[in-house]
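Q: Please take a close look at a single helix of this model and describe how it is built and what surrounds it. An account of the open and enclosed spaces, and of another helix for reference, would also be welcome.

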Amino acid sequence: MNLFTPFAQRSLSLRNRLVIAPMCQYSATDGVPSDWHLVHLGSRAVGGAGAVIVEATAVSAEGRISAGDVGLWNDEQLAAWQPITRFVTSQGAVAGVQLAHAGRKASVLPPWQGGHPLAADAGAWQTVAPSAIPFDAHWHVPQALDAAGIAKVIADFRAAAVRALEAGFQLIELHAAHGYLLHQFISPLSNHRTDEYGGSFENRTRLVREVIKAVREVWPEHLPLWLRVSATDWTEGGWDIEQSVQLARDIKSLGVDLVDTSSGGLVPHAKIPVSPGYQVPFASRIRHDAGIATGAVGLITESTHAARIIDEGAADVVLIARESLRDPYFPRRAAQELGVPITAPVQYQRAW
Ligand SMILES: Cc1cc2nc3c(=O)[nH]c(=O)nc-3n(C[C@H](O)[C@H](O)[C@H](O)COP(=O)(O)O)c2cc1C
């Protein structure tokens, strides 16, 4: 039983290998997290996870998916995160944050309002991307970033990492998956640039490497840095697992400690063969071929399945998203089902 053994990375130790995956709540005002975030993230820390990773947190206002996204581009946001990270860590979970820029998928409504691009009179903002190619018909046409725009993106990630530390986070995950800005750069389907940021694998991955380097310069040596990738676009001619393995090899030496392995999101109509654990083979490939720790995610809803992924060496951690919305105490339930004694908060011990 390895799922409930600690997972050490740099100076940090996760108490177990169940991690709450980043999940947008679309419930912030001006990027400032609210009481909702304290209760939502706090419950999942009480629920026993090894780490709780905060949703895609924008490094700039224009990098938000929706107007309700949280951010870390100013000090008001920084201060609002402090009580949240304090509570999460007080419950024994590592507080992680996913730093993100939505690129061409920015400026949309929250899913419960349809998720469509914002109308001009509803506060739409200019989106940016490697190339002026919209995500889909009727989506915003992004502005292709120029050199100054790219430099600003890198500086924004760096500044957000500085704020993340002061906000009390112990783990940063960079979002290079699901069709957001960094993924838009690495995929040939969304990056048609002819400068040093487009064309070859080396050029398409330049921005993600530069962001990693900038973040690593300010993020302490003793704290881990993770990268979330989409291992494949599930589309002919797109980003794929071979390129993901190569990227994982390249970023290891830049100070990335784990590749959180998801898939898809770059193009709207990809055919994705969804089934329980369907992305686990990608995590396993990257782990074995690139020699870096990985996280498995996607339709993992049962304790025995999560335990098997770790036991078989397919991944080092298992990220749980929707099952933890159905049951914020999923890690406690998993421990019970697997017969692993774990402590409950003292306030709850009469029930355990
Ligand atoms: C409500 C919701 C919000 C999400 N927001 C994010 C996000 O902010 N960043 C991200 O990388 N993935 C996000 N995801 C994807 C999840 O992290 C996860 O990869 C996906 O749901 C598959 O895992 P699951 O089958 O355990 O739900 C979101 C998923 C859900 C359901």
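A: In this predicted model, helix α2 bends by about 25° at Trp-81, and a proline, Pro-83, follows within four residues. The helix runs over residues 75-90, which makes 16 residues. From its first C-alpha to its last, α2 reaches 23 Å, close to the 22 Å expected at 1.5 Å a residue.

At the start of α2, Asn-74 places a side-chain oxygen within 3.1 Å of the backbone nitrogen of Glu-76. Beyond the other end, the helix is followed by Gly-92, whose phi is positive, near 90°.

The residue at the bend, Trp-81, is buried. Gln-77, Leu-78, Ala-80, Ile-84, Thr-85 and Val-88 of α2 are buried as well. An α-helix has 3.6 residues a turn, so residues three or four places apart point the same way. The cover over the buried residues of α2 includes two helices, α1 (35-46) and α3 (147-166), together with the strands β4 (51-58) and β5 (94-100).

Strand β4 leads from the helix to the spaces in the model. Rolling a probe the size of a water molecule over the atoms shows where empty space is left. The structure holds two cavities of 30 Å³ or more, and the largest has about 50 Å³ of space. To the lining of this largest cavity β4 gives three residues, the largest share. Ala-56, Thr-57 and Ala-58 belong to that lining, as do Gly-63, Ile-65, Asp-69, Ala-100, His-101, Ala-102, His-175 and Tyr-180.

Tyr-180 also belongs to the lining of the largest pocket, where this residue is among those nearest the centre, with Pro-22, Met-23, His-178 and Arg-228. The pocket contains about 940 Å³ of space and has 40 lining residues. At least two of these come from each of β4, β12 (317-320) and α10 (322-326), and α10 supplies the largest share, four residues.

For reference, helix α6 (residues 206-218) has 13 residues, which should span 18 Å at 1.5 Å a residue; its end C-alpha atoms are 19 Å apart, so the two values agree. Its buried residues are Leu-207, Val-208, Arg-209, Val-211, Ile-212, Ala-214, Val-215 and Arg-216. They pack against the helices α3, α4 (181-186), α5 (201-204) and α7 (241-252), and against the strands β8 (171-176) and β9 (225-230). Helix α3 thus appears in both settings, in the cover over α2 and in the packing around α6.

Notes:
Residues are numbered from 1 along each chain as its sequence is written. This is a predicted model: local features need pLDDT of at least 70, side-chain atom pairs count only at pLDDT 80 or more; totals for chains, interfaces and linings use all residues. Side-chain values use heavy atoms; hydrogens and water are left out. The expected span of a helix is 1.5 Å times one less than its number of residues. The bend at a residue is the angle between axes fitted to the seven residues ending there and the seven starting there. Buried means under 20% relative accessible area, exposed over 50%, partly exposed in between (1.4 Å probe, protein chains only). Contact means heavy atoms within 4.5 Å. A polar contact is a pair of N or O atoms within 3.5 Å; within protein, one must be able to donate a hydrogen and the other to accept it, and residues adjacent in sequence count only if both atoms are side-chain atoms. On a 1 Å grid over the protein atoms alone, a cavity is a set of points where a 1.4 Å probe fits but cannot get out, and a pocket is an open set with protein on both sides within 12 Å along at least five of seven lines; lining residues have an atom within 4 Å of a point. Grid points are joined across faces, edges and corners, and a volume is the space filled by probe spheres set on the points.
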